[in-house]
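Me: I'm new to this one and would like to go through it step by step. Can you show it to me first?

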Amino acid sequence: MNFNKSEELFNEAKKYIPGGVNSPVRAFQSVGMSSVFARRGNGSKIIDVDGNEFIDYICSWGPLVLGHSSEVITKGVEEVVKAGVTFGLATEIEVKIAKLITEACPSVEMVRMVNSGTEATMSALRLARGYTNRSKILKFEGCYHGHSDGLLVKSGSGTLTYGSSTSSGVSEDAIKNTLVAQYNDIETLNAVFKAHGNDLAAVIVEPVAGNMGVVPAKEEFLKIMRKLTEEYGALLIFDEVITGFRVSYGGAQEVYGIKPDLSCFGKIIGGGLPVGAFGGRREIMELLAPVGPVYQAGTLSGNPLAMHMGYNALTYLKDHPEVYTNMEEKANKLEEGFKKAIKEFKIDATVNRIKGMLNVFFTKGKVETFEDVSKCNTEIYAKYFKLMLDQGVLIAPSQFEAMFLSHAHTEEDIERTIAANREAMRQITE
Ligand SMILES: *Cc1c(COP(=O)(O)O)cnc(C)c1O
């Protein structure tokens, strides 16, 4: 397999775009390669600019729940384009998708559309602060909520700390109200509330962490979080940008049976176009401008083209619940196949999975916290990634990202992936 054209393009790209990419995950830096440039997608497959074909488990980092270039999603797009892609006025499709999202998630009585997941979490936090008149927020290490200043924070050496920023350019002031605790650590959670509960505007959490590999929350962890936030009058924000409409139609909140105060969405709800949304209880949401004092806006928010494709995606998912059982079955087969090879070749690796998302961690024992994740062997992952790629299977070029299934993945894809994985695991031990 050669990547000549990709390498050429990458070198050209680096002249005009920092690092050659418009989002860092597209750099194949951590696996020691040039970025692969995509040309076309079809169902479960990506064809790159060199003509190589891959079974794709990146799925645009989550949105492509129905696979590439799905006609279900692009249906009617031409008419929308002809009618005008943006007006700066309200359109009917915005009402329809808002209604659909509120029906899918009972905790969401009202919703506001934005243009990215980053905007959704940033706006949800402002709203939480406006509602509670408090400043502090709590997040968990290893959870990613987009790249706004106050959320680019990791914990220091202790388990409960005021964090330090993970990015230069973020001022001390911007993160001084961000507390960071360890994911899935109930003891620390209790301690945070004891010390700061009355000052907390919100706790923001990925109910299934999907940005440090896949680390599902323990049920007890989320239950106690719900109880404590209620007790202390802080809002609970579920960042469902990945999990919304993926782990089930009603998101992780449906799977866990927990009602957050606010929820953030993105990825799947735009059918592949740039989108985000946040929503929750009416009394909170009605604090937003123009009815309330919390300002939030967007020139292209609720864009007709994005809404049209998102609406197509969501109506299909609503009418075809078998998409979810089918994705889960396929992911389960992968999990079983991967585990078998890990055992056969006695590799220090473990597989985490929930519904249609999973990944292989190269470390001993269970992976339940960021600390566990940090122990993974990224060198072995880089080898594994390349061995998979050479066999036509594209997984994330990073140990710390999820593998996503889509409805378009076939039985044959799954069989081929299991075989490729076995071969990769065999070569790793050589
Ligand atoms: C992707 C992601 C975001 C950020 O969304 P963007 O559209 O990339 O800004 C926020 N939260 C979670 C959980 C995500 O996975």
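Reply: Let's start inside helix H5, with Ser123, which counts as buried because its relative accessibility is 4%. Buried here means under 20% relative accessible area, exposed means over 50%, and partly exposed is in between (1.4 Å probe, protein chains only). Before we go on, this is a predicted model: local features need pLDDT of at least 70, side-chain atom pairs count only at pLDDT 80 or more, and totals for chains, interfaces and linings use all residues. Residues are numbered from 1 along each chain as its sequence is written, and side-chain values use heavy atoms, with hydrogens and water left out.

Me: Which residues does Ser123 touch, not counting residues up to four places away in sequence?

Reply: Ser123 sits in helix H5, residues 117–132. Helices are DSSP runs (H or I, at least four residues), strands are runs of E with at least two, and both are numbered from the N terminus. A contact means heavy atoms within 4.5 Å. With neighbours up to four places away left out, Ser123 touches Phe278 and Gln296.

Me: How many helices and strands does the protein have?

Reply: The same DSSP runs are what get counted here, helices at four residues or longer and strands at two or longer. The tally for the protein is 15 helices and 19 strands.

Me: What is the radius of gyration of the protein?

Reply: The C-alpha atoms fill a box of roughly 60 × 55 × 45 Å along the principal axes. The radius of gyration is taken over C-alpha atoms too, and the globule rule is 2.2 Å times the number of residues to the power 0.38. For 430 residues, a compact globule would come out near 22 Å, which agrees with the protein's 21 Å.

Me: What percentage of the residues is buried?

Reply: Let's look at the outside before the inside. The accessible surface is about 18,700 Å², and 50% of that belongs to carbon and sulfur atoms; the areas come from the Shrake-Rupley method with a 1.4 Å probe, and for residues only the protein chains shown count as cover. As for contacts between residues at least 6 apart in sequence, 72% join residues at least 24 apart. Of the 430 residues, the buried share is 57%.

Me: What is the N to O distance in the salt bridge of Glu12 and Lys15?

Reply: Side chains of opposite charge can pair when their charged atoms come close. A salt bridge is a side-chain nitrogen of Lys or Arg within 4 Å of a carboxyl oxygen of Asp or Glu, and the structure holds 20 of them. Glu12 and Lys15 are about one helical turn apart, because they are three residues apart in helix H1 (residues 4–16). Their side chains meet at an N to O distance of 3.0 Å.

Me: Is Lys15 buried or exposed?

Reply: Its partner Glu12 has 35% relative accessibility, so Glu12 counts as partly exposed. Lys15 has 57% relative accessibility, so Lys15 counts as exposed.

Me: How many residues apart are Arg422 and Glu344 in sequence?

Reply: The side chains of Arg422 and Glu344 form a salt bridge at 2.5 Å, N to O. Arg422 lies in helix H15 (residues 411–428) and Glu344 in helix H12 (residues 322–344), so the pair ties together parts whose separation in sequence is 78 residues.

Me: And how many residues apart are Lys318 and Glu103?

Reply: Lys318 and Glu103 also pair in a salt bridge, at 3.9 Å, N to O. Lys318 belongs to helix H11 (residues 304–319) and Glu103 to helix H4 (residues 92–104), so the pair links distant parts of the chain, and the separation is 215 residues.

Me: Where does Asn133 lie?

Reply: Most residues other than glycine have a negative phi, and most peptide bonds are trans. Asn133 has a positive phi of about 55° although it is not a glycine. At 73% relative accessibility, Asn133 counts as exposed. Asn133 lies in the loop between H5 and strand E5 (136–141).

Me: Which residues does a cis peptide bond join?

Reply: One partner, a proline, lies in the loop between helix H10 (282–285) and H11. With omega at about 10°, the cis bond joins Ala289 and Pro290.
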